[in-house]
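The paragraphs below lead from the overall make-up of a protein to a pocket, and then to a run of paired strands. Please keep the sequence and the model in view while reading.

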Amino acid sequence: MVVEDSEFHHGYEGHRGRQMKREVSPIIGIVGILLALTIVQVLYWRGLIWEPPRPTVGGGGPGGGGEASVTPSGLAEVSVTTVAGGPAPGYRDGPSAEARFDGPAAVAVGPRGDIYVADSRNHCVRVVGRSGQVAILAGAAGEPGYADGTGLEARFFAPAGIAVAWDGSLLVADTGNHRIRRVTLEGRVSTYAGAETPVDDLGRPVGGYGDGPSARAEFRYPVGLAVDEDQAVYVADAGNGCVRVISAGGEVSTLPISGEEELGTPTELALGPGEEIWVVDTSTGGVWAGPREGPLKRLGEEVDGLAAPSGIAVLRRGSEEAGVYIADAGNHCLWQIRKEGLLLIAGQDDGYDGGWEDGPGYAARFSTPAGLASGGADELYVADFGNNCLRRVTLRGSGEEAD
């Protein structure tokens, strides 16, 4: 599918000094709507023309500190388990071991301990209850579309981002529909932000770019979401290469960028306790950070070696930041950002091959891990996209605080 771009004139003439007409890259054009699945188009690009640099900081085996000449692996004190699903794609509700997902792209943990999953290729939102039962919350499995409504009446198109809102409801990046949706815990779906945009020759919306009131604002393949204490919603607008903010009053704006570099394909973001925001840029392998009002600045040598970062989470202990963690879809592993560089906490950075294995960090295997969410001071949840399952990572003091 070829995505045709168009001009958008909604009053925001800056957008970092660029013209409002934004050309779609050849890779996005080739892969089209698969950008909605968080990282597929980036991995396609990576596999064809780019071999990632090798990180020089890592675990290096059971309990050991790695060397640059040794393939790094995760840490012995980290534990990885599968919460629900398994490598075979499909759709099935029920007990977690029997449940099936198809391309889970994002995960969020609710205040009562329920876990919510954007099940992208099933075009629906799923919930894993505290009892381990998996159920559909909204959307109809295998039936993409766009419709508000309750439960199975609602329709999504490749949802790839999810966050818990201030009132306990969910905000979902309905990526293929270029909108942000709201889902109550009873499964009632409404449109929170995003307008109708032009369609391509196959009748699928192509998205757009425009700030302003939420009902008239336009997005292009929004993915990652985060919500702050003031009810502002931050959006990784992957197709537009920027971070958008939806204020509590419903106004959409674009965060500024520091310097001459540009965001490539931001796919997930996270908020820290110090009023900062962290953003992963999947197509360039970069990580950006800055105050929540901007400007964002790209990090330097401390994140060298990431192949296709697709998820990011900030763990907290009380009001303090306990660490910033990255899901690297290209290297099939999880990292912590530290002052001296990247620390490999789970998975094996052994090239392009992923796998599925529970166990300690050095033995665990992932396949294209995508979304990442904090489950508390020492827990992460991973939407293991390529393995069609949800994983839990227990850190048990695996690393020092990241600065």
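Among contacts in the protein between residues at least 6 apart in sequence, what percentage join residues at least 24 apart? In this predicted model, the share of such contacts that join residues at least 24 apart is 52%. The secondary structure in which these contacts are set consists of two helices and 28 strands. Of the 403 residues of the protein, 59% count as buried, while the accessible surface comes to about 14,800 Å², with 48% of that area belonging to carbon and sulfur atoms.

The largest pocket holds about 780 Å³ of space. Its lining is made up of 31 residues, and those closest to the centre of the pocket are V109, V164, A226, V227 and S374. Two or more lining residues come from each of the elements β3 (104-109), β8 (161-164), β13 (222-227), β17 (266-271), β21 (309-317) and β26 (369-376). Of the elements that contribute, β26 gives the most, with five residues. By residue class, the lining of the largest pocket divides into 20 nonpolar, six polar and five charged residues.

From β26, which has this part in the pocket lining, the chain can be followed into the strands that come after. A hairpin is formed by β26 and β27, with two residues between them, and the two strands pair in the antiparallel sense over five bridges; within this pairing, A373 has Y381 of β27 as its bridge partner. Strand β27, residues 379-384, is mostly covered, since five of its six residues are buried. The strand β27 also pairs with β28 (residues 389-394), again in the antiparallel sense, and here over six bridges, among which A383 is matched with L390 in β28. Four residues lie between the strands in the hairpin of β27 and β28, and in that hairpin N388 takes a positive phi near 55°.

A further position worth inspecting is F157, which is found in the loop between β7 (149-150) and β8, the latter being one of the elements that give two or more residues to the lining of the largest pocket. Is F157 buried or exposed? F157 counts as buried because its relative accessibility is 12%, under the 20% that sets the limit for buried residues. Along the chain F157 and R204 are 47 residues apart, and their C-alpha atoms are separated by 9.8 Å.

Methods: Residues are numbered from 1 along each chain as its sequence is written. This is a predicted model: local features need pLDDT of at least 70, side-chain atom pairs count only at pLDDT 80 or more; totals for chains, interfaces and linings use all residues. Side-chain values use heavy atoms; hydrogens and water are left out. On a 1 Å grid over the protein atoms alone, a cavity is a set of points where a 1.4 Å probe fits but cannot get out, and a pocket is an open set with protein on both sides within 12 Å along at least five of seven lines; lining residues have an atom within 4 Å of a point. Grid points are joined across faces, edges and corners, and a volume is the space filled by probe spheres set on the points. Ala, Val, Leu, Ile, Met, Phe, Trp, Tyr, Cys and Pro count as nonpolar, Asp, Glu, Lys and Arg as charged, and the others, Gly among them, as polar. Buried means under 20% relative accessible area, exposed over 50%, partly exposed in between (1.4 Å probe, protein chains only). Contact means heavy atoms within 4.5 Å. Accessible areas come from the Shrake-Rupley method with a 1.4 Å probe; for residues, only the protein chains shown count as cover. Two strands pair if DSSP finds at least two bridges between them.
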